[in-house]
Amino acid sequence: QLQLVESGGGLVQPGGSLRLSCAASGFNLDYYAIGWVRQAPGKEREGVSCISSSGDSTYYADSVQGRFTVSRDKSNNMVYLQMNSLKPEDTAVYYCAARRVISRYDYVSAYRNNEYDYWGQGTQVTVSS
């Protein structure tokens, strides 16, 4: 069974840091672009970041540029989102998602349109004092 599982969410004070992890089971993430998408209550889903299947290209939303860093560990079939200088407006459920990549179009379509083949169940991030 193909599955993505996020972990690492929690409650943090403004200015703090968290690292989210995305673990895959049942498939090899090497062939997938991996994105992080968040959704706050009453708001639409927002694509936060995406990393290409090779890991040589990354995308960040303007709202997190310079504060968040996405990376992948191919040896462990994991993807991470390091979040620094967190703000209350970063509060949301964070999902990791995978898009099978055949061409660069798939990677671009994934981060531009939040079009992914598989989604995790989400992890809550709350930034509050």
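1. A strand, as the word is used in this note, is a DSSP run of E of at least two residues, and strands are numbered from the N terminus. By that definition S21 lies in strand β3. The model discussed here is predicted, and the points below move from its overall form to its disulfide, its sheet and some single residues.

2. Overall make-up. The protein contains one helix and 11 strands. Along the sequence these elements follow the pattern β-β-β-β-β-β-β-β-β-α-β-β. The radius of gyration is 14 Å, close to the 14 Å that the globule rule gives for 129 residues, so the protein is as compact as a globular protein of that length. Taken along the principal axes, the C-alpha atoms fill a box of roughly 45 × 25 × 25 Å.

3. Burial, surface and contacts. Of the 129 residues, 48% count as buried. The accessible surface comes to about 6,400 Å², and carbon and sulfur atoms account for 44% of that area. If one takes the contacts between residues at least 6 apart in sequence, 60% of them join residues at least 24 apart.

4. The disulfide. How many disulfides does a search of the whole structure find? The search finds one. This disulfide joins C22 to C96, with an S to S distance of 2.1 Å. C22 lies in strand β3 (residues 18-25) and C96 in strand β9 (residues 92-100), so the pair ties together parts that are 74 residues apart in sequence. For the student it may help to recall that a disulfide is a covalent bond between the sulfur atoms of two cysteines.

5. Handedness and surroundings of the disulfide. Why is the disulfide of C22 and C96 described as right-handed? The torsion about the S-S bond is about 60°, and the disulfide is therefore right-handed. Are its two cysteines buried or exposed? C22 has a relative accessible area of 0% and is buried. C96 is likewise buried, with a relative accessible area of 0%.

6. The cysteine outside the disulfide. C50 is in no disulfide. The nearest cysteine sulfur to C50 is that of C96, which is 11 Å away. A disulfide requires the two sulfur atoms to be within 2.5 Å, so a separation of this kind does not qualify. C50 is nevertheless buried, with a relative accessible area of 0%.

7. The four-stranded sheet. In which order do the strands of the open sheet stand? Four strands form the sheet in the order β1-β3-β8-β7, and the pairing is antiparallel. The edge strands are β1 (3-7) and β7 (68-73), each of which pairs on one side only. From one strand to the next the twist averages 15°. As background, strands of a sheet pair through backbone hydrogen bonds, either parallel or antiparallel.

8. Pairings of β3. On one side, β1 and β3 run antiparallel and are joined by five bridges. In this pairing E6 stands opposite C22 in β3, and C22 is one of the two cysteines of the disulfide. β3 also pairs with strand β8 (residues 78-83), in the antiparallel sense and over six bridges. Here L20 stands opposite L81 in β8.

9. The two faces of β1. Which residues of β1 make up its covered face, and which its uncovered one? L4 and E6 form the covered face. Q3, V5 and S7 form the uncovered face.

10. S21 in its setting. S21, in strand β3, is buried, with a relative accessible area of 11%. Buried here means under 20% relative accessible area, so the value for S21 falls within that class. Leaving aside neighbours within four places in sequence, S21 is in contact with V5, E6, S7, W36, M78, V79 and Y80.

11. Two loop residues. G66 is placed in the loop between β6 (58-60) and β7. G66 counts as exposed, at 73% relative accessibility. The C-alpha atoms of G66 and Q3 are separated by 30 Å, and the two residues are 63 apart along the chain. D56 is found in the loop between β5 (46-51) and β6. At 66% relative accessibility, D56 also counts as exposed. Between the C-alpha atoms of D56 and S71, which are 15 residues apart along the chain, the separation is 9.7 Å.

Technical notes:
Residues are numbered from 1 along each chain as its sequence is written. This is a predicted model: local features need pLDDT of at least 70, side-chain atom pairs count only at pLDDT 80 or more; totals for chains, interfaces and linings use all residues. Side-chain values use heavy atoms; hydrogens and water are left out. Buried means under 20% relative accessible area, exposed over 50%, partly exposed in between (1.4 Å probe, protein chains only). Two strands pair if DSSP finds at least two bridges between them. Axes are lines fitted to C-alpha atoms, for helices over the stretch in contact, and angles run from 0 to 180 degrees between N-to-C directions. The radius of gyration is taken over C-alpha atoms; the globule rule is 2.2 Å times the number of residues to the power 0.38. Contact means heavy atoms within 4.5 Å. Accessible areas come from the Shrake-Rupley method with a 1.4 Å probe; for residues, only the protein chains shown count as cover.
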